[in-house]
Amino acid sequence: MEHLQRAVPVLASLDIFKTVAFYQQKMGFDKVGWKDENYAVIGRDKVDVHFWKCNNKIFPENTSCYIHVEDVDGLYEEMKASGVVHPNGPLKDQPWGMREFAVLDSDGNMIKFGQSL
């Protein structure tokens with residue numbers, strides 16, 4: 001039996017309502033499962049992301065997660081048009097067999113999106 005089924009990132013947020021708005025407006029997240037001043041659960045396609053409220057920017061600025069995707073090139077163009085691609089994270093084939101790019105959210109969390117080559 002395979003016990004591990006799915007991983008869900010839990011990222012830091014300096015302001016839950018602003019973070020959720022950023023993900024909706026800039027990154028196309030269209031599902032909200034929960035949202036209050038301390039915690040949020042949002043989603044897009046088959047991916048959920050959770051956010052917890054923190055008061056120190058050191059946490060989001062030193063946090064990241066990786067999301068496996070399909071059509072990484074199309075997603076890259078979408079995120080590039082939204083202005084969220086990390087300055088050092090353009091779309092690139094990596095030696096570990098992934099085509100990937102990185103974005104920064106409004107709190108400083110880095111999200112990497114990748115697809116197997």
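Here a biologist and a modeller talk through some labels given to residues in this predicted model.

Biologist: Let's start with His-86. Why is His-86 called buried or exposed, whichever applies?

Modeller: The relative accessibility of His-86 is 17%. Buried means under 20%, so His-86 counts as buried. You will find the residue in the loop between α2 (72–82) and β6 (92–93).

Biologist: And what does His-86 touch, leaving out residues up to four places away in sequence?

Modeller: Ala-102, Val-103, Leu-104 and Met-110. Besides those, the side chain of His-86 reaches the backbone nitrogen of Asn-88 at 2.8 Å. A polar contact needs N or O atoms within 3.5 Å, and the 2.8 Å between His-86 and Asn-88 fits that distance.

Biologist: Asn-109 sits in a loop too, between β7 and β8. What makes Asn-109 buried or exposed?

Modeller: Its relative accessible area is 0%. The limit for buried is under 20%, so Asn-109 is buried. Not counting residues up to four places away in sequence, Asn-109 touches Leu-11, Ala-12, Pro-60, Thr-63, Val-103 and Leu-104.

Biologist: Nice. Now on to α2: which of its residues are buried?

Modeller: Val-72, Leu-75, Tyr-76 and Met-79.

Biologist: How do you know on which side of α2 they lie?

Modeller: By the arc they cover around the axis, which is only 105°, so they are on the same side of α2. These buried residues pack against α1 (16–27), β3 (39–44), β7 (98–104) and β8 (110–116). Right after α2 comes Gly-83, with a positive phi near 75°.

Biologist: Which residues other than glycine have a positive phi? I have Asp-45 and Asp-71 in mind.

Modeller: Good picks! Phi of Asp-45 is near 55°, and Asp-71 has a phi of about 55°. Asp-45 belongs to the loop between β3 and β4, while Asp-71 is in the loop between β5 and α2.

Biologist: Why do Asp-45 and Asp-71 get the accessibility labels they have?

Modeller: Exposed means over 50%, and partly exposed is the range between that and the buried limit of 20%. Asp-45 has 59% relative accessibility, so Asp-45 counts as exposed. Asp-71 has 49%, so Asp-71 counts as partly exposed.

Biologist: What about Ile-58, in the loop between β4 (47–53) and β5 (64–68)? Why is Ile-58 given its label?

Modeller: Ile-58 has 47% relative accessibility, so Ile-58 counts as partly exposed. Together with Val-10, Trp-52 and Phe-59, Ile-58 makes a nonpolar surface patch of about 360 Å². Patch residues need over 30% relative accessible area, and the 47% of Ile-58 passes that mark.

Biologist: Last one: Arg-6, in the segment before β1 (10–13). What makes Arg-6 buried or exposed?

Modeller: A relative accessible area of 58%. The cut-off for exposed is over 50%, so Arg-6 is exposed.

Biologist: And how do you know that the side chains of Arg-6 and Asp-48 make a polar contact?

Modeller: Their distance is 3.4 Å, and the limit is within 3.5 Å. Leaving aside neighbours within four places in sequence, Arg-6 is in contact with Lys-46 as well as Asp-48. As for Val-47, 41 residues from Arg-6 along the chain, the two C-alpha atoms are separated by 9.6 Å.

How values were computed. Residues are numbered from 1 along each chain as its sequence is written. This is a predicted model: local features need pLDDT of at least 70, side-chain atom pairs count only at pLDDT 80 or more; totals for chains, interfaces and linings use all residues. Side-chain values use heavy atoms; hydrogens and water are left out. Patches are made of residues with over 30% relative accessible area and no salt bridge: like charges are joined within 9 Å, nonpolar side chains (Val, Leu, Ile, Met, Phe, Trp, Tyr) within 5 Å. Accessible areas come from the Shrake-Rupley method with a 1.4 Å probe; for residues, only the protein chains shown count as cover. A salt bridge is a side-chain nitrogen of Lys or Arg within 4 Å of a carboxyl oxygen of Asp or Glu. Buried means under 20% relative accessible area, exposed over 50%, partly exposed in between (1.4 Å probe, protein chains only). Helices (H or I, at least four residues) and strands (E, at least two) are DSSP runs, numbered from the N terminus. A polar contact is a pair of N or O atoms within 3.5 Å; within protein, one must be able to donate a hydrogen and the other to accept it, and residues adjacent in sequence count only if both atoms are side-chain atoms. Contact means heavy atoms within 4.5 Å. The arc is that of the directions from the helix axis to the C-beta atoms.
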